[in-house]
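These are my notebook entries on a structure that was new to me. I set down what I looked up, entry by entry.

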Amino acid sequence: MSSMTNNLPNLNFAILREGEASSYNRMKSYPVKVLQFGEGNFLRGFVDWMIHRCNEQGLFNGSIAVSQPRPTGAAKLQELKEQDGLYYQWIRGLHEGELVDRRELISVFSAFIDPYQEWDRFLAQAANPDLELVVSNTTEAGLVYQVSDWAPDQPILSYPGKLTLLLYRRFEHFGGDPDKGLLLLPCELVERNGDKLRDIVLQHASDWKLPEEFTDWIREHNRFLNSLVDRIVTGFPAEEANERFAEWGIKDRLLNAAEPYHIWAIEGEEELDERLPFVKAGLNVVWTNDLQSYQLRKVRILNGAHSWMAAYGLLNGLNEVREVVEHPVYGAHLREVVFKEIVPSVPLPEGEMKAYAGQVIERFANPYVRHKLTDIAMNSLSKFKVRLLPTLIAYYERTGDLPPFIVKAFASLLKLYRVKLTEEGAYAGTRLDGSQLLIRDDAVILAELASLWNKADNGELGLKELLEDVLGRDVWWGTDLNGIAGLADRLTAEITQLEEQA
């Protein structure tokens with residue numbers, strides 16, 4: 001904090017104004033209906049903000065007990081406790097062409113539980129008759145099966161392990177009452193995340209030889225809902241915080257910035273909105289029996305455009321998403337690839353896809369979000385396979401031709417992956433301006449590419465031969481891409497042209 005904000009009061013209950021204080025006290029009187037695994041920015045800027053919105057309209061009337069999924073989250077949990085669970089959610093960006101800039105005081109947390117220090121208190125949540133919902137965001141790495149010994153008196157490291165024991169305690173406490181099953185809504189960016197979490201819980205139950213009646217109760221009376229979340233939550237705005245604190249007359253260590261856009265697509269019947277009244281509160285939550293279409297449009301359009309920008313933009317000297325959008329040449333190319341190559345190749349209603357694509361471009365242009373292309377570019381080969389290759393193939397099958405701008409991105413990616421091993425043991429490619437760029441991807445793949453490009457440099461391998469070798473590696477792409485007529489020739493021409501520019 002700068003000297004000009006050092007003397008400002010810290011956000012907590014004691015300094016709230018009358019209206020804010022009454023809202024906080026009302027929340028504290030609500031029963032705990034939500035157990036949350038995850039203390040980080042995303043859940044606070046997404047689920048917690050939604051619960052707050054529902055409470056403010058008198059629709060949910062429940063509070064949240066928050067627990068960190070890893071020991072390293074203890075510091076953030078402590079910060080939340082010191083601020084009485086209060087923080088400002090700062091919503092800013094473009095929405096339907098208008099600039100949005102507003103902050104909301106969020107008060108939803110009534111209990112803070114460190115499971116590694118308060119294991120008994122954590123397990124005691126199982127006996128809460130008002131508990132309805134478990135939400136989590138433990139990252140993709142948190143939603144994995146880890147072998148755990150049966151030691152119920154000791155904290156379990158993994159989130160699914162903790163959850164399994166909590167559910168077993170609940171099953172025992174309420175005698176297997178069907179009405180005491182829970183809704184479980186993982187927010188991890190894993191396809192069919194609810195199914196995956198359920199399967200891991202059942203695996204732990206099997207490992208620990210828990211009664212069959214318990215596993216039946218899990219399957220029949222607990223709903224593990226698959227869902228897709230989408231909102232850019234950038235967290236604490238370090239570069240601007242002091243200026244804003246001086247303007248507001250208050251410090252908030254947990255100030256959380258996010259874009260206006262949000263959507264939560266949840267696989268479940270619309271009647272579930274009676275229990276979780278998100279739609280009733282006016283939030284962009286969709287109860288659907290077709291979650292796959294929401295996943296498909298996000299992966300193909302939003303994530304596909306991101307990967308296209310990362311390869312094309314980084315090679316050409318750009319560093320952030322907004323730079324690409326605002327660039328007079330590359331911005332036009334971005335719109336071309338989205339609306340003429342990606343959207344027509346998504347097997348969903350074209351009008352809906354165009355509308356969604358328009359929202360995506362607007363989000364990319366958010367003046368408050370600094371989204372680095374190097375972050376998007378991590379593991380670009382596997383991302384290209386999932387995000388852009390299906391569009392390339394669909395376009396080819398539909399038109400008999402190759403999508404020109406996706407081919408350019410593919411060529412840009414392979415040019416960036418003309419890697420060499422650095423003295424530090426990392427792999428680096430070279431941008432067109434001659435600057436080095438560290439490439440973060442599978443080390444085995446990078447070693448193989450470095451070897452191939454070295455052979456090309458030594459004249460042992462022609463460029464087209466090299467590309468045919470790369471395209472033929474079905475373990476990388478899921479298929480032999482040499483089966484796409486003309487692809488190797490087009491990539492050869494594109495990379496040759498790039499080499500001449502360098």
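For the first entry I needed a cut-off: a polar contact is a pair of N or O atoms within 3.5 Å, where, within protein, one must be able to donate a hydrogen and the other to accept it. I also note at the outset that this is a predicted model.

**Entry 1: arginine 231**

I began with arginine 231, which I found in the loop between β9 (227-230) and β10 (233-235). I asked which backbone oxygen the side chain of arginine 231 reaches. The partner is the backbone oxygen of glycine 45, at 2.8 Å, and that distance falls within the 3.5 Å cut-off.

I then looked for a charged partner. Arginine 231 is buried yet has no salt bridge. The nearest side chain of opposite charge belongs to glutamate 259, 5.8 Å away, whereas a salt bridge requires the nitrogen and the carboxyl oxygen to be within 4 Å.

Leaving aside neighbours within four places in sequence, I listed the contacts of arginine 231: Phe42, Gly45, Phe46, Trp49, Ile91, Ala258, Glu259, Pro260, Tyr261, His262 and Arg363. Glycine 45 and glutamate 259 thus both appear among the contacts.

**Entry 2: asparagine 193**

Next I turned to asparagine 193, in helix α7 (residues 193-207). Is asparagine 193 buried or exposed? Its relative accessible area is 0%, so I recorded asparagine 193 as buried.

I looked up the polar partners of this side chain. A polar atom of the asparagine 193 side chain lies 3.1 Å from the backbone oxygen of proline 186. The backbone oxygen of glutamate 188 lies 2.9 Å from a polar atom of that side chain. Not counting residues up to four places away in sequence, asparagine 193 touches Leu143, Pro186, Cys187, Glu188, Leu225, Asn226 and Ser227.

**Entry 3: salt bridges**

How many salt bridges does a search of the whole structure find? I obtained 32, and I examined several of them.

Arginine 275 pairs with glutamate 132, the closest N and O atoms being 3.6 Å apart. Arginine 275 lies in the loop between β12 (263-267) and β13 (285-288), and glutamate 132 in the loop between α5 (119-124) and β6 (133-136), so this bridge ties together parts that are 143 residues apart in sequence. With a relative accessible area of 34%, arginine 275 is partly exposed.

Glutamate 320 and arginine 370 form another salt bridge, with 2.9 Å between the closest N and O atoms. This pair also links distant parts of the chain, 50 residues apart: glutamate 320 is in the loop between α10 (291-315) and α11 (321-326), and arginine 370 in the loop between α13 (350-364) and α14 (373-376). I noted that glutamate 320 counts as buried because its relative accessibility is 12%, while arginine 370, at 54%, counts as exposed.

Glutamate 336 and lysine 340 meet in a salt bridge at 3.5 Å, N to O. Because they are four residues apart in helix α12 (residues 330-342), about one helical turn separates them. Glutamate 336 is partly exposed at 30%, and lysine 340 is exposed at 54%.

Finally, I recorded a network of salt bridges that links Arg192, Asp195, Arg198, Asp199 and Glu267.

**Entry 4: isoleucine 406**

I located isoleucine 406 in helix α17 (residues 404-416). Isoleucine 406 is buried, with a relative accessible area of 0%. Residues up to four places away in sequence aside, isoleucine 406 touches Trp308, Val337, Glu341, Ile342, Phe384, Leu388, Thr391 and Leu392. I also checked alanine 305, which is 101 residues from isoleucine 406 along the chain; their C-alpha atoms are separated by 9.7 Å.

**Entry 5: alanine 456**

Alanine 456 lies in helix α18 (residues 443-457). Beyond residues up to four places away in sequence, I found that alanine 456 touches Leu461 and Leu466. Alanine 456 and proline 260 are 196 residues apart in sequence, and their C-alpha atoms are 48 Å apart in space.

**Entry 6: the second largest pocket**

I closed with the second largest pocket, which holds about 200 Å³ of space. The elements that give two or more residues to its lining are α1 (18-29), α3 (47-56) and β4 (98-106). The lining residues include Arg17, Glu20, Tyr24, His52, Glu56, Tyr88, Arg103 and Ser107.

How values were computed
Residues are numbered from 1 along each chain as its sequence is written. This is a predicted model: local features need pLDDT of at least 70, side-chain atom pairs count only at pLDDT 80 or more; totals for chains, interfaces and linings use all residues. Side-chain values use heavy atoms; hydrogens and water are left out. Buried means under 20% relative accessible area, exposed over 50%, partly exposed in between (1.4 Å probe, protein chains only). Lys and Arg count as positive and Asp and Glu as negative; His and the chain ends are not counted. Contact means heavy atoms within 4.5 Å. On a 1 Å grid over the protein atoms alone, a cavity is a set of points where a 1.4 Å probe fits but cannot get out, and a pocket is an open set with protein on both sides within 12 Å along at least five of seven lines; lining residues have an atom within 4 Å of a point. Grid points are joined across faces, edges and corners, and a volume is the space filled by probe spheres set on the points.
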